[in-house]
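Please consider the following protein model together with its ligand. The discussion begins with a pair of strands and then turns to the ligand and to a single loop residue.

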Amino acid sequence: MKDFSGKIAFITGGASGAGLGQAKLFGGLGAKVTIVDIRQDALDKAVAELKSLGIDALGIQMDLTNREQYIAAADKAEAHWGGPPQLLFLTAGVNTFGPAEASTFEDFDWVLGVNLFGVINGLVIFVPRMIKAYNKINGELSREGAHISIVSSLGAFSGFATDAPYSCSKAAVNNLAYSYYEALKPYGIGVTVQCPANIRSNIGEAVRTRPAHLANTGYHVSEGTINMLKSIHATGMDPVDLAKNLKQAIENELPLAIPYDNAEEILQREFKKVIQYLTVEGLRELEEEQRRLAEIQKDFLKTDTSGINGPIEPFGRARSDLNWVLPEKRK
Ligand code: NAI
């Protein structure tokens, strides 16, 4: 798809960060945009901002882990615009950090519920509607096909000691995207999964949207850890620039988008690591590389927290009462 004007778009997590960047870019190119989000206040602000930019926008509050709410939102958007989305952006996501060995069921249920099942819900709800409305059966392109974009993460390619639920959710999402890319080709519906590293967004505060019934966490989370994450994401990629990278991938019908010039080198490093896991020699080499990288990152990871009002604490630690976790990994 190359012409976005007049296209119907549906964006999850559209009230903030990457999703709002997509709404601004594609809305600015003439798409009619529905943004859905769990936070009503953020939605109201985002819709007002989009409208002030001259973008035709509709906001719907919903929790994408709730299938009834999701179907109701899809119905409402379809009734409003007169059809299902031609541009579907499954962008919403959450994160929380702590040692894998401290993780609770609820840590997994929350992060996988939003990041993986939120995407699965979107695919199951929208794919049949999109095929019916925009398929290319018999070579007839109906209204120029359609495209599904999913925001994953560079974390999809690795395991992380302090980010297990998140990175496994993103690995699964990448795999899911490749499956749908292959499956939807004959219908003329494209699929792209985009894998960024750091985005200027509000994901550092994601724990504020964690539902009460999944509140039990094994991780140490505080205003200080949230502030630390906020200072890191303040230096991330501009969400509209990120959306521009996605636009290129949609235009070229590419299944994978990595918004950096050295994308191939990044992937080679990640895949080499998996190959190194196979042998004793590989593991030795990997450990040496990791030691060198840790030295380099010591300085690189120092963030400027001067703009933050309030406490600052390192994130990625376990709750202090989890006595099976090494003391240095606990609060
Ligand atoms: P963000 O927090 O600014 O935006 C995510 C939006 O999703 C928020 O407005 C939030 O309210 C909404 N949301 C959360 N749970 C929801 C639910 N259950 N139902 C409906 N909406 C919900 O964060 P950001 O960074 O823009 O995140 C977008 C995507 O980018 C996520 O999938 C994230 O994993 C991914 N990503 C983010 C990176 C970063 O550094 N911020 C890096 C790599 C990937």
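Which residue in β6 does Ser-149 stand opposite? In this predicted model, the residue facing Ser-149 is Thr-192 of β6. The two residues belong to a wider pairing, for β5 and strand β6 (residues 189-194) run parallel and are joined by six bridges. Between these strands the chain passes through α5, and the resulting β-α-β crossover from β5 to β6 is right-handed.

Strand β5 also pairs with strand β4 (residues 87-90). Here four bridges make the connection, and β4 and β5 again run parallel. Within this pairing, Leu-87 is found opposite His-147 of β5.

The burial of β5 may be considered next. The strand comprises residues 146-151 and is mostly covered, with six of its six residues buried. The cover extends to both faces of β5. On one side lie Ala-146, Ile-148 and Ile-150, and on the other His-147, Ser-149 and Val-151, all of them buried. Ser-149, which stands opposite Thr-192, is thus placed on the side that also carries His-147 and Val-151.

Attention now turns to the ligand. Its surroundings consist of 28 residues, of which Ser-16, Asp-37, Tyr-166, Ala-197 and Ser-201 are the closest. By character, the shell comprises 13 nonpolar, 11 polar and four charged residues.

Several polar atoms of the ligand can be located relative to the protein. A ligand nitrogen atom lies 2.9 Å from an N or O atom in the side chain of Asp-63. On the oxygen side, a backbone N or O atom of Ala-197 is 3.3 Å from an oxygen atom of the ligand. For Asn-198, an N or O atom of the side chain is likewise 3.3 Å from an oxygen atom of the ligand. On its own, the ligand has 820 Å² of accessible area, and the protein covers 97% of that area. The elements contributing two or more residues to the shell are α1 (17-28) and α5 (164-184). Helix α5 therefore has two roles in this description, as the helix of the crossover between β5 and β6 and as a contributor to the ligand shell.

A final point concerns the backbone of Glu-253. This residue, which is not glycine, has a positive phi near 55 degrees. Glu-253 is situated in the loop between α7 (239-251) and β7 (256-257). Is Glu-253 buried or partly exposed? Its relative accessible area is 49%, so Glu-253 counts as partly exposed.

Notes
Residues are numbered from 1 along each chain as its sequence is written. This is a predicted model: local features need pLDDT of at least 70, side-chain atom pairs count only at pLDDT 80 or more; totals for chains, interfaces and linings use all residues. Side-chain values use heavy atoms; hydrogens and water are left out. A residue is near a molecule or strand if one of its heavy atoms lies within 4 Å of it. A polar contact is a pair of N or O atoms within 3.5 Å; within protein, one must be able to donate a hydrogen and the other to accept it, and residues adjacent in sequence count only if both atoms are side-chain atoms. Accessible areas come from the Shrake-Rupley method with a 1.4 Å probe; for residues, only the protein chains shown count as cover. Ala, Val, Leu, Ile, Met, Phe, Trp, Tyr, Cys and Pro count as nonpolar, Asp, Glu, Lys and Arg as charged, and the others, Gly among them, as polar. Buried means under 20% relative accessible area, exposed over 50%, partly exposed in between (1.4 Å probe, protein chains only). Two strands pair if DSSP finds at least two bridges between them.
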